[in-house]
Amino acid sequence: MVARFSHPGRLYLVGETSQVFAGFRDWAEMVEIAGDVDAEHSAELSALMESVAAELGIEMFEESPADVIPLPDGHEERARPIESLGGSLELFHFDPYSVAYRFIARG
């Protein structure tokens, strides 16, 4: 997937998406992602993610915890890098504290 996107940026796996990435596909009903790419490439990344979700047969939802809560200081350092998959798009697990706070904020 990363090799299909040739622009620099970061893709964050949010919530259950980290479990899907780890191979626990049966436990997740959807994947959640947050992209951090130049605005001119965001539509391309969204289309690619929708394509990947369709290939996996799972619903995809694009949302950053920042869309729900103010991100706490240090959230960038708590994002957990995922081993490079090649290409210029870096892959991370979103800061787990921010993900948890988002769930609390949603009730």
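Student: How do you know that D95 forms a salt bridge with R78?

Tutor: In this predicted model, the closest N and O atoms of D95 and R78 are 3.0 Å apart, and since a side-chain nitrogen of Arg has to come within 4 Å of a carboxyl oxygen of Asp, the pair is called a salt bridge. It links distant parts of the chain, with D95 in the loop between β5 and α4 and R78 in helix α3, 17 residues apart.

Student: Why is D95 called buried, and what does R78 count as?

Tutor: The relative accessibility of D95 is 0%, and buried means under 20%, so D95 counts as buried. R78 has a relative accessibility of 27%, a value between the limits of 20% and 50%, so R78 counts as partly exposed.

Student: What makes the pair of E32 and R102 a salt bridge, and which parts does the pair tie together?

Tutor: The closest N and O atoms of E32 and R102 are 2.8 Å apart, which satisfies the limit of 4 Å, so the pair counts as a salt bridge. Because E32 lies in strand β2 and R102 in helix α4, the pair ties together parts that are 70 residues apart in sequence. Both E32 and R102 are buried.

Student: With which residue does E63 form a salt bridge, and how do you know whether E63 is buried or exposed?

Tutor: E63 forms a salt bridge with R102, with 2.9 Å between the closest N and O atoms. This pair, too, links distant parts of the chain, since E63 is in the loop between β3 (59-62) and α3 (75-78) and R102 is in helix α4, 39 residues apart. As for burial, E63 has 9% relative accessibility and R102 has 1%, and with the limit at 20%, E63 counts as buried, as does R102. E32, E63 and R102 are thus linked in a network of salt bridges, and by the rule used here the count of salt bridges comes to four.

Student: How many aromatic pairs does the structure hold, and why is the pair of Y12 and F92 given the name it has?

Tutor: The structure holds two aromatic pairs. In the one formed by Y12 and F92, the rings are 5.7 Å from centre to centre, with 35° between the planes. Centres within 6.5 Å make a pair, and an angle that is neither under 30 degrees nor over 60 makes it tilted, so the pair of Y12 and F92 is called tilted. Y12 lies in strand β1 and F92 in strand β5, so the pair ties together parts that are 80 residues apart in sequence.

Student: What kind of pair do the rings of Y12 and F94 form, and why?

Tutor: The centres of these two rings are 5.1 Å apart and their planes stand at 65°, and because an angle over 60 degrees counts as edge-to-face, the pair of Y12 and F94 is edge-to-face. With Y12 in strand β1 and F94 in the loop between β5 and α4 (96-106), the pair ties together parts that are 82 residues apart in sequence. Y12, at 11% relative accessibility, and F94, at 8%, both fall under the 20% limit, so Y12 counts as buried and so does F94. Ring pairs link Y12, F92 and F94 into a cluster.

Student: Which residues have the most contacts inside the largest nonpolar core, and which elements give two or more residues to this core?

Tutor: The largest nonpolar core has 18 residues, and those with the most contacts inside it are L11 and L45. The elements that give two or more residues to this core are β1 (9-14), β2, α2 and β5 (89-93), and α2 gives the most, with five residues. Another core lies apart from it and has seven residues, including V14, A34, F94 and V99.

Student: How do you know whether H41 is buried or exposed, and what is H41 in contact with?

Tutor: H41 lies in the loop between β2 (30-37) and α2 (42-56), and as its relative accessible area of 13% is under 20%, H41 is buried. Leaving aside neighbours within four places in sequence, H41 is in contact with F5 and H7. The side chain of H41 also makes a polar contact with the side chain of E40, at 3.4 Å, where the limit is 3.5 Å.

Student: How many helices and strands does the protein chain have, and why is it called as compact as a globular protein of that length?

Tutor: Its secondary structure comes to four helices and five strands. The radius of gyration of the protein chain is 13 Å, close to the 13 Å that the globule rule gives for 107 residues, so the chain is as compact as a globular protein of that length.

Definitions and conventions. Residues are numbered from 1 along each chain as its sequence is written. Side-chain values use heavy atoms; hydrogens and water are left out. Buried means under 20% relative accessible area, exposed over 50%, partly exposed in between (1.4 Å probe, protein chains only). A polar contact is a pair of N or O atoms within 3.5 Å; within protein, one must be able to donate a hydrogen and the other to accept it, and residues adjacent in sequence count only if both atoms are side-chain atoms. Contact means heavy atoms within 4.5 Å. A nonpolar core is a set of buried Ala, Val, Leu, Ile, Met, Phe, Trp, Tyr and Cys residues joined through side-chain atoms within 4.5 Å. Rings of Phe, Tyr and Trp (its six-membered ring) pair if their centres lie within 6.5 Å; planes under 30 degrees apart count as stacked, over 60 as edge-to-face and the rest as tilted. The radius of gyration is taken over C-alpha atoms; the globule rule is 2.2 Å times the number of residues to the power 0.38.
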